[in-house]
Amino acid sequence: MPNTEVTPPEGLSPAEAARRLSEEGLNEIADPGRRGVGRLVLEIVSEPMIALLVALVVLYVVLGEARDAVAMGVSVLMIIGLA
């Protein structure tokens, strides 16, 4: 039969906590920094669904369907603008 007795955790000793703090710094999530507009657009366009819609716009242009290409292109730009 397994031992089911629960003992409280001890945690780090003050010396170990101080050592880790000096070596690794505070336990914080790193700031990703500011992203430029170009990087944001690139991240959005690289999403699979948006990339598919952009490919569809290109296909409409190649097929000569200007009205459909413009409509789809405006939709893609609106999605990018909302993100």
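**Salt bridges and helix packing in the predicted model**

The structure holds four salt bridges. A salt bridge is a side-chain nitrogen of Lys or Arg within 4 Å of a carboxyl oxygen of Asp or Glu. The model is predicted, so local features need pLDDT of at least 70 and side-chain atom pairs count only at pLDDT 80 or more, while totals for chains, interfaces and linings use all residues. Residues are numbered from 1 along each chain as its sequence is written, and side-chain values use heavy atoms, with hydrogens and water left out.

Helix 1 spans residues 14–24. Helices are DSSP runs (H or I, at least four residues), numbered from the N terminus. In helix 1, E16 pairs with R20 in a salt bridge, with the closest N and O atoms 2.9 Å apart. These two residues are about one helical turn apart because four residues separate them in helix 1. E16 is partly exposed at 22% relative accessible area, and R20 is partly exposed at 37%. Buried means under 20% relative accessible area, exposed over 50%, and partly exposed in between (1.4 Å probe, protein chains only). R19 and E23 also meet in a salt bridge, at 2.9 Å from N to O. They too lie four residues apart in helix 1, about one helical turn. R19 is partly exposed at 36%, whereas E23 is exposed at 54%.

In helix 2, E43 forms a salt bridge with R39, the closest N and O atoms being 3.6 Å apart. The two residues are four residues apart, about one turn of the helix. E43 is partly exposed at 26% relative accessibility, and R39 is exposed at 55%. Salt bridges with shared partners join E16, R19, R20 and E23 into one network.

Helix 4 comprises 17 residues, 66–82. Its end C-alpha atoms are 24 Å apart, in agreement with the expected span of 24 Å. That span is 1.5 Å times one less than the number of residues. A69, M72, G73, V76 and I80 are the buried residues of helix 4. They cover an arc of only 105° around the axis, so they lie on the same side of helix 4. The arc is that of the directions from the helix axis to the C-beta atoms. On the other side, R67, V70, M78, G81 and L82 are exposed. The buried residues of helix 4 pack against helix 2 (37–45) and helix 3 (48–63), contact meaning heavy atoms within 4.5 Å.
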